[in-house]
Amino acid sequence: MYLKCILPGLASLLLGCLSCSSADHPPSETAHYQEPHRPQFHFSPAAHWMNDPNGMFYYEGEYHLFYQYYPDSTVWGPMHWGHALSTDLVHWEHLPIALYPDSLGYIFSGSAVVDWKNTSGLGVDGRPPLVAIFTYHDPVGEKAGRNDFQYQGIAYSNDKGRSWTKYSGNPVVPNTEAIRDFRDPKVIWHEGMQRWIMVFAAYDHVKFWASDDLKSWEHLSDFGKEWGVHAGVWECPDLFPLRVEGADETKWVLLLSINPGSPNGGSGTQYFVGDFDGKDFRLEDSFARDVQDEKGVWLDYGRDNYAGVTWSDIPPEDGRRLFIGWMSNWDYAQVVPTATWRSAMTLPRTLTLRQTENGYRIFSQPVHELQGLRVAERELNAQDVLDTLNITAALGSSAVLMELILEFELTEEGSADFGLELSNALGERYRIGYQAATGQYYSDRTQAGAVSFSEKFAGQVHTAPRIAVGSTVKLHLFLDVASAELFADDGATVLTDIFFPSENFDQVKVYADHGGVKLLGGKAFPLEPIWER
Ligand code: FRU
């Protein structure tokens with residue numbers, strides 16, 4: 001972020017937001033979800049500006065999703081927490097704004113937990129309080145040239161998240177060292193220590209703090225100055241244990257967003273695998289080699305998955321580690337050509353940890369609940385694709401929303417270059433595919449419609465290394481009207497990119513350059529939109 005317009009924000013804060021209530025911004029702000037480029041099966045706010053996902057937790061059958069929200073404009077401004085609810089992670093109901101700026105500042109990113117044991121004492125009637133932990137960003141202190149204008153505060157809810165009260169003792173973590181970037185707390189319950197652990201970003205590293213009651217916190221340790229990429233500010237960490245698939249072993253994962261510095265430019269999310277003993281995070285030896293000397297390991301190689309974190313309090317009988325990210329990039333998020341709102345979230349994903357030939361790696365896969373959006377299933381037969389194979393008809397008339405699972409066989413020559421192409425009658429075209437010669441997946445939005453709104457948007461083709469080995473290349477793709485998400489090789493390589501065709505793409509082709517490719521078979525699923533009309 002940081003090319004943000006603080007002055008208009010400040011004026012708006014002083015002029016009115018201190019006394020805002022949810023009645024000022026009813027959640028149903030007339031959206032029809034039919035505007036040009038409006039995502040049809042991704043979450044986006046009804047109107048106005050959105051960035052990071054915040055405070056996700058599950059409680060009593062409801063998945064909560066909060067988000068950085070500025071309800072008065074389509075560019076970034078004084079931050080609130082917008083709020084939405086889902087019972088299936090796919091369909092969302094807009095709720096009133098959960099947190100408004102106050103005299104301590106704007107409400108920046110953070111997390112939320114169910115305080116099952118009422119350690120905070122904030123619960124009533126024997127029900128656990130829901131506690132949100134966020135960064136206060138004080139624009140007045142910032143403008144005055146101070147360095148301690150970010151600090152952590154909490155708020156709680158006793159009505160299933162419908163209303164939130166700020167804690168009277170805020171801030172709970174003051175910025176005594178005066179570190180300018182001191183934000184984005186993620187809080188987890190640590191079973192072993194029977195304590196709360198908070199991890200947040202402090203410019204070029206993360207800090208771990210601990211608490212018994214969510215109100216009084218002590219500093220434990222720091223991590224990261226010497227590891228990973230530091231080409232930009234560290235933001236939005238997440239910390240969680242993950243069982244290693246197929247092994248009797250659990251490792252700790254630290255997600256870390258960075259802006260700029262991602263492999264294809266601008267905002268991106270790197271991660272670290274190691275152990276966390278309730279005090280210190282220590283990198284796994286093999287992983288340390290991958291993240292030394294300013295090298296990073298990335299969750300998603302596309303340019304549009306940022307500030308993603310995972311849901312808290314998913315029941316153990318479910319056991320998934322569920323993730324969602326902001327489907328944009330600070331390089332251009334504020335100027336993308338959407339008129340009434342800006343930004344969407346990625347699809348929700350399940351993260352797993354596997355031991356690969358390169359060491360521990362996170363695999364991301366779309367949540368299985370998305371299968372409920374399939375309105376038909378079409379088989380694609382095995383065949384050699386020599387140039388292009390038009391599958392538009394197979395998908396049915398409205399080819400715009402779809403999920404595809406395609407398997408290809410790599411030949412010995414290793415010259416294949418193939419994938420999926422979307423196009424429209426204006427000659428605009430988007431391609432996402434695999435190039436055997438370089439061993440890379442790629443996404444090419446250079447000719448996919450509007451690009452001139454930012455020099456940083458479509459200057460180059462985005463590439464992602466193939467992590468899997470073997471001669472079968474598997475592409476699992478989700479295509480909405482303004483985005484593509486590739487989960488290649490069962491989620492080993494992931495790439496998320498947005499695009500803005502002048503007219504919706506309506507032609508879908510499998511293409512093969514340089515001599516063709518063998519399509520082993522595939523499935524195509526037209527999808528239905530998630531929004532009611
Ligand atoms: C990440 C970020 C966070 C901050 C928030 C402000 O995109 O810069 O670090 O809390 O956005 O909106």
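**Interface between domain 1 and domain 2**

In this predicted model, domain 1 and domain 2 bury about 2000 Å² between them. Carbon and sulfur atoms give 54% of that area. Three residues of domain 1 stand out: N264, Y301 and R303. Together they supply 26% of the area that domain 1 buries against domain 2. No other three residues supply more.

The two partners are discontinuous and continuous in sequence, respectively. Domain 1 comprises 48-331 and 342-366. Domain 2 covers 374-526. Their C-alpha centres lie 32 Å apart. Contact involves 22 residues of domain 1 and 26 residues of domain 2.

Polar interactions also cross the interface. The count of salt bridges between domain 1 and domain 2 is three. One residue pair joined by a salt bridge is D304 and R445. Their side chains meet with an N to O distance of 2.9 Å. Across the interface, 15 residue pairs are in polar contact, with both residues at pLDDT 80 or more.

Two elements give two or more residues each to the side of domain 1 that touches domain 2. These are the strands β20 (349-356) and β21 (359-366). The largest share comes from β21, which gives five residues.

The composition of this side of domain 1 is mixed. Its residues divide into seven nonpolar, eight polar and seven charged.

Key. Residues are numbered from 1 along each chain as its sequence is written. This is a predicted model: local features need pLDDT of at least 70, side-chain atom pairs count only at pLDDT 80 or more; totals for chains, interfaces and linings use all residues. Side-chain values use heavy atoms; hydrogens and water are left out. Domain bounds come from an automatic or database domain assignment. Contact means heavy atoms within 4.5 Å. Buried area is the accessible area (1.4 Å probe) that two parts lose on being put together, summed over both. A salt bridge is a side-chain nitrogen of Lys or Arg within 4 Å of a carboxyl oxygen of Asp or Glu. A polar contact is a pair of N or O atoms within 3.5 Å; within protein, one must be able to donate a hydrogen and the other to accept it, and residues adjacent in sequence count only if both atoms are side-chain atoms. Helices (H or I, at least four residues) and strands (E, at least two) are DSSP runs, numbered from the N terminus. Ala, Val, Leu, Ile, Met, Phe, Trp, Tyr, Cys and Pro count as nonpolar, Asp, Glu, Lys and Arg as charged, and the others, Gly among them, as polar.
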